[in-house]
Amino acid sequence: MITEIVGPWTITTDPQRTKKFYDNHHYLSQDCNCEYCVNYLLACEQFPPTIYRLFESLGIDPRKEGEVSEFGKSAEGLYHYIVFYHFVGEIVKEPSSALASPDFHVEGFSVSFTNDLDLLPDDFPMPAVQIMLEMQLPWLLGL
């Protein structure tokens, strides 16, 4: 296990075991091919390098197994997405409860971790942590 500090969080991760899981799973659009999910897959290709490095350090392929939710268009014309994924690891240290927002903000993305494992696939290796990202994305379909 590798120990990482991500914003106010300290986590351990096993990126090789996580990557092995994601390598054997299908793209998100094979579970749901709605326009919002397909747009998210296109947007994954344009994530900032910091976000790509975070996914890579955890062993996650953002185009695969996970949950994607879209919450409407902003006045700026961007779409509000909340997504979560799982990775093999543990939360070592959480942010202080005194923090107004425990999320880590980087390049327009809000990132947090939890031990509450929603929709964890039955075959996902343990121990597992859930990462949640909130972001505003452009509409890329039909461009």
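# Reading a predicted model, feature by feature

Me: In which sense do strand β1 and β2 pair, and over how many bridges?
Reply: Strand β1 (residues 2-6) and β2 run in the antiparallel sense, paired over five bridges. Keep in mind that this is a predicted model.

Me: Which residue of β2 does Glu-4 stand opposite?
Reply: Glu-4 faces Ile-11 in β2. Ile-5 stands opposite Thr-10 of that strand.

Me: How many residues lie between the strands in the hairpin of β1 and β2?
Reply: There are two residues between the strands. Look at Gly-7 in this hairpin: its phi is positive, near 60°.

Me: How many bridges link β2 and β4?
Reply: Four bridges join β2 and β4, again in the antiparallel sense. Find Ile-11 once more. Opposite Ile-11 in β4 stands Ile-91. On the β1 side, Ile-11 is the residue that Glu-4 stands opposite.

Me: How do I read burial, and how many residues of β2 are buried?
Reply: Buried means under 20% relative accessible area. Strand β2 (residues 9-13) is mostly covered, with five of its five residues buried.

Me: Which residues of β2 point one way, and which the other way?
Reply: Trp-9, Ile-11 and Thr-13 point one way. Thr-10 and Thr-12 point the other way. Residues on both sides are buried.

Me: Now a helix. Which residues of α2 are buried?
Reply: Helix α2 covers residues 35-44. Its buried residues are Cys-37, Asn-39, Tyr-40, Leu-41, Ala-43 and Cys-44.

Me: What covers the buried residues of α2?
Reply: The cover includes a helix, α3. It also includes the strands β3 (67-73), β4 (79-93) and β7 (128-137). You have met β4 already, as a pairing partner of β2.

Me: Where is Arg-17, and which residues is Arg-17 in contact with, leaving aside its neighbours within four places in sequence?
Reply: Arg-17 sits in helix α1. With those neighbours set aside, Arg-17 is in contact with Val-88, Pro-125 and Met-126. Compare sequence and space too. Arg-17 and Met-1 are 16 residues apart in sequence, and their C-alpha atoms are 9.8 Å apart.

Me: Why does Arg-17 count as partly exposed?
Reply: Because its relative accessibility is 36%. The partly exposed class lies between buried, under 20%, and exposed, over 50%.

Me: Where is Glu-107, and what is its phi?
Reply: Glu-107 is in the loop between β5 (104-106) and β6 (109-114). Its phi is near 45°. That is a positive value in a residue other than glycine. With a relative accessible area of 46%, Glu-107 is partly exposed.

Me: Which residues does Glu-107 contact, leaving aside its neighbours within four places in sequence?
Reply: Glu-107 is in contact with Pro-48, Pro-49 and Thr-50. Zoom in on Thr-50. Its side chain and that of Glu-107 are joined by a polar contact of 2.4 Å. Now try Glu-45. Glu-107 and Glu-45 are 62 residues apart in sequence, and 15 Å apart in space, C-alpha to C-alpha.

Me: Is Leu-119 buried or exposed?
Reply: Leu-119 is exposed, because its relative accessible area is 58%. This residue lies in the loop between β6 and β7. Leu-119 also has a positive phi of about 55°, although it is not a glycine.

Me: Which residues does the cis peptide bond join?
Reply: The cis bond joins Met-126 and Pro-127, with omega about 0°. Pro-127 belongs to the loop between β6 and β7. Met-126 was also one of the contacts of Arg-17.

Me: Last, the largest pocket. How much space lies in it?
Reply: The largest pocket holds about 230 Å³. Residues lining it include Lys-19, Tyr-22, Tyr-52, Phe-55, Gly-59 and Arg-63. Two elements each give two or more residues to the lining: α1 (15-23) and α3 (49-58).

Me: Which element gives the most to the lining?
Reply: That is α3, with four residues.

Me: How do the lining residues divide into nonpolar, polar and charged?
Reply: Five are nonpolar, one is polar and six are charged.

Conventions. Residues numbered from 1 in each chain as written. Predicted model: local features only at pLDDT ≥ 70, side-chain atom pairs only at ≥ 80, totals over all residues. Heavy atoms only, no water. 1 Å grid on protein atoms, 1.4 Å probe; cavity = no way out; pocket = protein on both sides within 12 Å on 5 of 7 lines; lining within 4 Å. Points joined across faces, edges and corners; volume = space filled by probe spheres on them. Nonpolar A, V, L, I, M, F, W, Y, C, P; charged D, E, K, R; others polar. Buried < 20%, exposed > 50% of the residue type's maximum accessible area, 1.4 Å probe, protein only. Contact = heavy atoms within 4.5 Å. Polar contact = N/O pair within 3.5 Å; in protein donor to acceptor, adjacent residues only side chain to side chain. Pairing = 2+ DSSP bridges.
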